Amino acid sequence: MKIFSRIRIAASFAMAVLVSPVASAYEQGDWLVRVGAGNVDPKSDNGAIVSVDSGASLVFNGTYFFAPNLGVEVLAALPFSHDIKLAADGTKVGETKHLPPTFSLQYHFATQSAFRPYVGAGLNYTLFFDEETTGPLSGLSLELDPSFGLAAQLGADVSISDSMSVNFDVRWIDINTDAELDGAALEEVEIDPIVYSLTFGWRF
């Protein structure tokens with residue numbers, strides 16, 4: 001299902017490129033606000049004892065251009081929900097929610113064309129909450145510590161009018177969390193996800 005979802009996203013993005021008009025360049029002082037869907041896809045085998053599955057949610061971000069090619073972006077989202085499974089056999093033993101605010105410095109290429117790729121790098125803070133246990137761990141207390149790490153992104157805006165655009169964005173985030181069960185340390189879970197998002201943007 002993940003593969004087909006990514007194919008649909010890529011196809012939508014390609015279609016947007018084909019029909020996009022030329023738009024005016026970004027200027028110093030512009031704001032770009034986007035909203036859409038995001039999917040957090042943790043790396044495989046992200047824990048030796050427990051692993052964290054992927055999750056989707058509504059994402060939104062805002063970028064301020066302090067130069068025509070340079071912007072600062074703040075990423076936010078509604079809570080992502082993830083299943084937690086035993087790494088050995090995939091048995092679900094819990095679930096958690098998280099919020100991933102991320103701050104990035106971006107460089108935007110070809111700002112006078114309709115297709116506007118960019119790269120970015122920054123910092124992420126991930127807060128886990130509402131941890132619950134199920135199955136063989138039901139009734140036990142599970143806790144995942146917050147994470148602070150680097151983030152990198154590659155994306156593009158495709159103009160559909162002078163003020164509106166479609167955006168596809170892929171980012172890697174360094175997310176590591178210490179898992180505890182009833183106060184006893186389990187392990188450090190290296191989630192390190194790839195985050196995919198498809199959004200619509202408005203320039204002000």
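**Exercise 1.** Is Glu95 buried, partly exposed or exposed, and at what relative accessibility?

*Solution.* The structure examined here is a predicted model, and the values below are computed from it. The first step is to take the relative accessibility of Glu95, which is 26%. The second step is to compare that value with the limits, since a residue is buried under 20% and exposed over 50%, with partly exposed in between. Glu95 therefore counts as partly exposed. The third step is to look at the partner of Glu95, for Lys92 forms a salt bridge with Glu95 in which the closest N and O atoms are 3.1 Å apart. Lys92 has a relative accessibility of 32%, so Lys92 likewise counts as partly exposed.

**Exercise 2.** Work out which carboxylate side chains meet Arg203 in salt bridges, and where in the chain the partners lie.

*Solution.* Begin with the count for the whole model, in which there are eleven salt bridges. In one of them the side chain of Asp30 meets that of Arg203, with 3.6 Å from N to O. This pair links distant parts of the chain, because Asp30 sits in the loop between α1 (2–19) and β1 (31–41) while Arg203 belongs to strand β14 (residues 194–203), and the two are 173 residues apart. Both Asp30 and Arg203 are buried, and for Arg203 the relative accessibility is 14%.

Next, take the salt bridge between Arg203 and Asp162, where the distance from N to O is 3.5 Å. Asp162 lies in the loop between β10 (147–159) and β11 (164–173), whereas Arg203 lies in β14, so this pair ties together parts that are 41 residues apart in sequence. Unlike Arg203, which counts as buried, Asp162 is partly exposed, with a relative accessible area of 49%.

Finally, a further group can be added, since salt bridges with shared partners join Arg34, Glu73, Asp157, Asp169 and Arg171 into one network.

**Exercise 3.** Trace how strands β10, β11, β14 and β1 are paired, and explain why β11 can be called largely enclosed.

*Solution.* Start at β10 and β11, which a hairpin joins through four residues. These two strands run antiparallel and are joined by nine bridges, and among the partners across this pairing are Ala152 and Trp172, the latter in β11.

Continue from β11 to β14, which pair in the antiparallel sense over nine bridges. Here Val170 stands opposite Tyr196 of β14, and Arg171 stands opposite Val195 of β14.

Then go from β14 to β1, a pairing that is again antiparallel and extends over ten bridges; in it, Val33 has Trp202 of β14 as its bridge partner. To close, count the buried residues of β11: seven of its ten residues are buried, so β11 is largely enclosed by the rest of the structure.

**Exercise 4.** Classify the aromatic pairs Trp31–Tyr64 and Tyr107–Phe109 from the angles between their ring planes.

*Solution.* The model has three aromatic pairs by the rule used here. For Trp31 and Tyr64, the ring centres are 5.0 Å apart and the planes make an angle of 50°, which gives a tilted pair. Trp31 is in strand β1 and Tyr64 in strand β3 (residues 55–67), and this pair links distant parts of the chain, 33 residues apart. Trp31 counts as partly exposed at 45% relative accessibility, and Tyr64 counts as partly exposed at 31%.

For Tyr107 and Phe109, the centres are 4.9 Å apart and the planes stand at 75°; because an angle over 60 degrees counts as edge-to-face, that is the class of this pair. Tyr107 is partly exposed, with a relative accessible area of 37%, and Phe109 is partly exposed, also with 37%.

A ring can also meet a charge, as where the charged end of Arg116 sits over the ring of Tyr26, 4.3 Å from its centre.

**Exercise 5.** Identify which residues touch the most other members of the largest nonpolar core, and describe the surroundings of Ile191.

*Solution.* The largest nonpolar core has 21 residues, and those that touch the most other members are Ile84, Val189 and Ile191. Strands that each supply at least two residues of this core include β2 (50–52), β4 (70–77), β5 (80–86), β9 (142–144) and β12 (176–181). Leaving aside residues up to four places away in sequence, Ile191 touches Pro42, Lys43, Asn46, Val52, Phe128, Ile175, Asn176 and Thr177.

Terms used: Residues numbered from 1 in each chain as written. Predicted model: local features only at pLDDT ≥ 70, side-chain atom pairs only at ≥ 80, totals over all residues. Heavy atoms only, no water. Core = buried A, V, L, I, M, F, W, Y, C linked by side-chain atoms within 4.5 Å. Buried < 20%, exposed > 50% of the residue type's maximum accessible area, 1.4 Å probe, protein only. Contact = heavy atoms within 4.5 Å. Salt bridge = Lys/Arg side-chain N within 4 Å of Asp/Glu carboxyl O. Pairing = 2+ DSSP bridges. Phe/Tyr/Trp six-rings, centres within 6.5 Å; stacked < 30°, edge-to-face > 60°. Lys NZ or Arg CZ within 6 Å of the ring centre and 35° of its normal.
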